[in-house]
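Q: I am new to this structure and would like a close look at a single part of it. Please pick one helix, go through it in order, and then show how its surroundings fit into the rest of the chain.

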Amino acid sequence: MLSEHYTLAAAIGFLLTILSFLIVSKSQQKVMYHRLSSWTSFISPQRPTSSSITPPRSVSPDKKAPVNAPPPADYKDIFPPWRRESLSIARGDQCLDAGSEIPEFLVRERLIPFTADYRICKSPASTYTPMGISLAEVASLGDFTDYAELSGVPLPEPYQDFKIETALPRPYRPLRWGYHQTMSLNRLQTDWWLELEKSYAERIKERKELFDKNGTMVLDYLPGSELGCKEVMEMALQFLCARYPQYFSLSNSEDQGYVFHNGILHNQTIIRDMHPLHVLLENVPEDFAVMIRNPDDGYYYFRAGILCSSLGWSVASKLGMQLKEIHSPIPDYKEKMEFSMDRYFSKLPTARPIQRGSWGLEVDTPLFMPPGDPHEKYREVQLPETELPLSRIHLRVDWQTLRRLPLSGAIIFNFKALFTPVEDFRFEPHIPHLLHTILLHGKPNIMAYKNTWHVEHVVLPAIELWKKEQEEKGMVPKDWEVGTLAEAPFFPGWEEYWKGRQGF
């Protein structure tokens, strides 16, 4: 049992690292491959000797490169875990045959076509989603149904002390040293799926401007994604209303249908008047990618998304691709990675969403950087300190979640970019020590992926000073052996520090 748990955890971490590949620039993708291909070894980093990428070790003629799994399975006949028993609880007798057993062969024969709109399919009572739920049952559930019951993921507790004017994101510092110590992944903390901060209104405005400027580069959808888009939108709005009831609410009337009331922006969104992804654009400052199962082959395809925080790629460049096509630039992806990825997508349960964070160092706070963006130039040079003061350098954390939707069976990859001034680390125990060690002794391919070289000449002297300060003040023992913190992705005393900065 322990072995199975470890294997699953490794696969999850490997999966999210591959998905992180999507948000790096093309110049980093070959480096990212080395990280992916060695994921399960969890080796300790070493000091880089240059900024060049070390080529993979050659394989002797009498030895074959290892593969990570047997030949690909026929996923056409493999379905995600069903939760039909939750239908009767979600809406009681209104569900047709709610909770009754449905033979898998029947679902297989009558799956909704890949590009079909669930709302206009013929024979809804005998057409099914990959979750074994008929389209008639989907319709009977109505809008804003009990997704907590359907998915097995509870709604969050109300955050009564929350004030948007002073709100700060939790201080995510996913810094690890000694990769054998942790796999850097956890089950989703359901109260924190969508975390708001005082920049909420500014970020919504920025994302809408990005859409106005870039259009389908940041938001688009293909036929067959309708149910998945509706589900994730409704789940997100339900979350906001449950978590922040002082700011958000939903009403339902005969003339307007459902209306989302936003007390921060002081406006309202009539749900039926716009596509679900546009509802998210108007109200949720996070990115969502919708992956849909194709009944013809059982594989998952990127069919819809709103992505305003990607670096080096866009929705337009990846939309419609199968998972393996998205990752085709990675050398040996088919031989070493494809099977594990496809198998994990086929088996992910709705009740086990997961979270993790990746990080890098940036000049200023770039949110969306498509290929050729002028901001990429900052990564190519070390600017003189007269042009690059420490105050311009930020830790960027992409906090990521992965979950399956309970009706469509779609898989949602969502993340948000969080920026923290590096200067804040001065007051955060152990963080200067960890970052200093990683920057000086990190494994070359990992550090090339992190792309920190362009700011290290400014950051290293500062955190060296803060290390000494923290030791002199007793914040960190002088003999502390640098390692991943037990509080990761935070640090000792983070909660009191975080609350204090918000005036609690």
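A: What follows is a walk along helix H16 and then outward to other parts of the chain.

The model is predicted. The chain contains 17 helices and 10 strands, and 57% of its 504 residues count as buried. Among the contacts in the chain with a separation of 6 or more, 76% are between residues 24 or more positions apart.

Helix H16 covers residues 453–472. With 20 residues at 1.5 Å a residue, helix H16 should span 28 Å, and its end C-alpha atoms are 29 Å apart, so the two values agree. The helix has a kink of about 40° at valine 459, shortly before proline 461.

The next point is which residues of H16 are covered. The buried ones are His454, Val455, Glu456, Val458, Val459, Leu460, Ala462, Ile463, Trp466, Lys467, Glu469 and Gln470. Valine 459, where the kink lies, is thus also in the buried list. An α-helix has 3.6 residues a turn, so residues three or four places apart point the same way. The cover over the buried residues of H16 includes strand S8 (354–363), strand S9 (393–404) and helix H14 (431–441).

One residue of the helix can be taken as an example. Glutamine 470 is in helix H16. Is glutamine 470 buried or exposed? Its relative accessible area is 1%, and because buried means under 20%, glutamine 470 counts as buried. Leaving out residues up to four places away in sequence, glutamine 470 touches Phe425, Arg426, Phe427, Glu428, Pro429, His430, Pro432, His433, Met475 and Val476.

Histidine 430, one of these contacts of glutamine 470, sits in the loop between strand S10 (411–421) and H14. Phi of histidine 430 is positive, near 80°, in a residue other than glycine. Most residues other than glycine have a negative phi, and most peptide bonds are trans. Histidine 430 is buried, at a relative accessible area of 8%.

Glycine 474 follows H16, and its phi is also positive, near 80°. Further along, the loop between H16 and H17 holds proline 489. A cis peptide bond joins alanine 488 to proline 489, with omega about 10°.

Phenylalanine 490 brings in the aromatic pairs. The count of aromatic pairs comes to 21. In one of them, tyrosine 172 and phenylalanine 490 are tilted, with 5.3 Å centre to centre and 40° between the planes. Tyrosine 172 lies in the loop between helix H6 (147–151) and strand S1 (186–187), while phenylalanine 490 is in the loop between H16 and helix H17 (494–501), so the pair ties together parts 318 residues apart in sequence. Both tyrosine 172 and phenylalanine 490 are buried.

A further aromatic pair is formed by tyrosine 200 and phenylalanine 248, which are edge-to-face at 6.2 Å centre to centre and 65° between the planes. This pair links distant parts of the chain, with tyrosine 200 in helix H7 (residues 200–214) and phenylalanine 248 in strand S3 (residues 248–253), 48 residues apart. Tyrosine 200 is buried, at a relative accessible area of 1%, and phenylalanine 248 is buried at 2%.

Two rings have an arginine over the face. Arginine 170 lies over tryptophan 192, at 4.1 Å from the ring centre. Arginine 403 lies over tryptophan 193, at 4.4 Å from the ring centre.

The strands that cover H16 include S8, and the loop between H13 and S8 is the place of proline 349. Proline 349 counts as partly exposed, at 28% relative accessibility. Its C-alpha atom is separated by 6.5 Å from that of proline 80, 269 residues apart along the chain. Not counting residues up to four places away in sequence, proline 349 touches Pro81 and Arg404.

Helix H13 (residues 338–347) contains phenylalanine 345. This phenylalanine 345 counts as buried, at 2% relative accessibility. Phenylalanine 345 and tyrosine 299 are 46 residues apart in sequence, and 8.2 Å apart in space, C-alpha to C-alpha.

Methods:
Residues are numbered from 1 along each chain as its sequence is written. This is a predicted model: local features need pLDDT of at least 70, side-chain atom pairs count only at pLDDT 80 or more; totals for chains, interfaces and linings use all residues. Side-chain values use heavy atoms; hydrogens and water are left out. Helices (H or I, at least four residues) and strands (E, at least two) are DSSP runs, numbered from the N terminus. The expected span of a helix is 1.5 Å times one less than its number of residues. The bend at a residue is the angle between axes fitted to the seven residues ending there and the seven starting there. Buried means under 20% relative accessible area, exposed over 50%, partly exposed in between (1.4 Å probe, protein chains only). Contact means heavy atoms within 4.5 Å. Rings of Phe, Tyr and Trp (its six-membered ring) pair if their centres lie within 6.5 Å; planes under 30 degrees apart count as stacked, over 60 as edge-to-face and the rest as tilted. A charge sits over a ring if NZ of Lys or CZ of Arg is within 6 Å of the ring centre and within 35 degrees of the ring normal.
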